Amino acid sequence: MNIIILGAGELGKYLATIFSLDKHDITVIDQDDELLTRLRDRLDVMTITGNGAEIGTLKKAGIGDCELMVAVSGDQATNVLACQVASHLGVTRTICKLNSSCFFSEDDNFTASTLNIDKVVLPVEECVDKILGVLDNHIVTEKILFSDPNALMTSFEVLPSAPLAGTRIRDFPVPDLLNSVRFAAILRDHQHLIPHGDTIFVPGDQVYVAGPKEKVESMVAWNSPKDASITRVVIVGASRIGSKLAAELAGDSYEVRLIEQDEKDGKRLLDEIGAEVMVINGDPTENEVLMEAGVDVCDAFVSALDDDEENILSCILAKRIGAKKVVTVTNKSEYIDIIPAMEMIDCGFTSSLVAVNTVLRSIGTGSGTISIDAILHRINAYLYEFKVQEGAPACGMKVDEIKFPLAAVLALVFRNGQVLAVTGNLELHKGDVVVTIANRKTFNQIEPLFRKKGFFPV
């Protein structure tokens, strides 16, 4: 596929890396030649220095042969205009990054579709949604959604007092619940483990469980302590993410306190949200300020500053003071592998990775074989959804008959509106959508199992 990426920042760089690994033809446009030079040094991509909203620059980048335009520069007006021009010149799909959904107005019939933009990516709002997903329970560390809205994957920590601690999967004490969900992965001592019948859960395990939403929530509740609910949250930073998170939590009746060093930004937040949020003016890396904000008695602490290092430091300090759960937001892709290895930080979300997953989910491969491709935040693995084609090797076979790679897991099956947990005697049918957890190396072994022999995606 010929893809043009507008913007060589964190998000553009990450997308270029993923697309180049998938052997797509990539051209990256940016006005910063230094960013483009660094990108060329590490990836097999073409680069164009110029304004991506100008038709001359787009033609130079080969817009006539482009099948997908992804506009993710730091200027949302440029992104919108570039997508409009690309659509006008015949590009099949356009994806546009915006800072806020307020750019459009449904009431005035001014929407993305009005401008022929196929998909809008909102990194701030999507990152806030990811954080909100882990602020309903102390043990939850991540939630993943699928193309089927009734399906859910949740990762949670096994506490020493949890009923799952010391339990062997084959001896699980609630058979009905076990038959409804799938233990899909375990993160133990920073290593990704694939669960099997003889696996014994130990305290500290980060367990990924997948299945129908209500069954997954029941599994999490079964393993949660009585005091697992979260009501008091301290946020650091009146950034876009911090401000929106504070507003969302205050609207849901959480007790919210926000630390902001810049007095003007703190006042702006109060003017926007109102009295529902208490704002403390001070340095979030100072113990006195953290204590004044009540970090020692808070249920959750979220650092959403624009500086990654300060976010990490403030989270470590908050954990030492007594915060029950700490969540950090980072912007640089380099921190994706670092944060999960830091024992003092319970959850970490990289805004660029959240946005990358949104882009990947929206484009598939163009063949319909793969409808989703998401990178898990805490383990070095990917989620893939494959549609089983008639005549495919796995079509009509039972799961335990399929020669599936050892390094991959078949987690769920979607069939006629049902979410099915995977068991060995489950037979795959034409039209089933199967969810797998795998790494990039095993992808080429998995995909042919579900597509018709001789069929190759365009």
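This is a short exchange about how features of a predicted model get their labels.

Colleague: Why is F172 called buried?
Modeller: Its relative accessible area is 5%. Buried means under 20%, so F172 qualifies.

Colleague: What makes W222 partly exposed?
Modeller: W222 has 26% relative accessibility. The partly exposed class lies between 20% and 50%, so W222 falls in that class.

Colleague: Why is the pair of F172 and W222 called tilted?
Modeller: The planes stand at 55°. Stacked needs under 30 degrees and edge-to-face over 60, so this pair is tilted. The centres are 5.0 Å apart, and the limit for a pair is 6.5 Å.

Colleague: Which parts of the chain does that pair tie together?
Modeller: F172 sits in the loop between β8 and α6, and W222 in helix α7. The parts are 50 residues apart in sequence. Both residues also belong to one aromatic cluster with F183 and F201.

Colleague: What makes F146 and F414 edge-to-face?
Modeller: There the angle between the planes is 70°. The cut-off is over 60, so edge-to-face is the right term. Their centres lie 6.0 Å apart, within the 6.5 Å limit. Both residues are buried.

Colleague: How do you know that this pair links distant parts of the chain?
Modeller: F146 is in the loop between β7 and β8, while F414 is in strand β20. They are 268 residues apart.

Colleague: Why are β14 and β17 called edge strands?
Modeller: The order of the open sheet is β14-β13-β12-β15-β16-β17, with parallel pairing. β14 and β17 each have a single partner strand, so one side of each is left without a neighbour in the sheet.

Colleague: How do you know that β16 and β17 pair?
Modeller: Four bridges join them. Pairing takes at least two, so they count as paired. In β17, T350 is the bridge partner of T330. Helix α12 lies across both strands, at about 65° to β17.

Colleague: What puts the buried residues of α13 on the same side?
Modeller: They cover an arc of only 145° around the axis, which puts them on the same side of the helix. Among the buried residues are F443, I446 and F450. K441 and N444, on the other side, are exposed.

Colleague: Which residues have the most contacts inside the largest nonpolar core?
Modeller: They are I5, L15, F19 and F450, in a core of 49 residues. A second, separate core has 47 residues, including V209 and F349.

Definitions and conventions. Residues numbered from 1 in each chain as written. Predicted model: local features only at pLDDT ≥ 70, side-chain atom pairs only at ≥ 80, totals over all residues. Heavy atoms only, no water. Core = buried A, V, L, I, M, F, W, Y, C linked by side-chain atoms within 4.5 Å. Buried < 20%, exposed > 50% of the residue type's maximum accessible area, 1.4 Å probe, protein only. Helix = DSSP H or I, 4+ residues; strand = E, 2+ residues; numbered from the N terminus. Contact = heavy atoms within 4.5 Å. Axes fitted to C-alpha atoms, helices over the stretch in contact; angles between N-to-C directions. Arc of directions from axis to C-beta.
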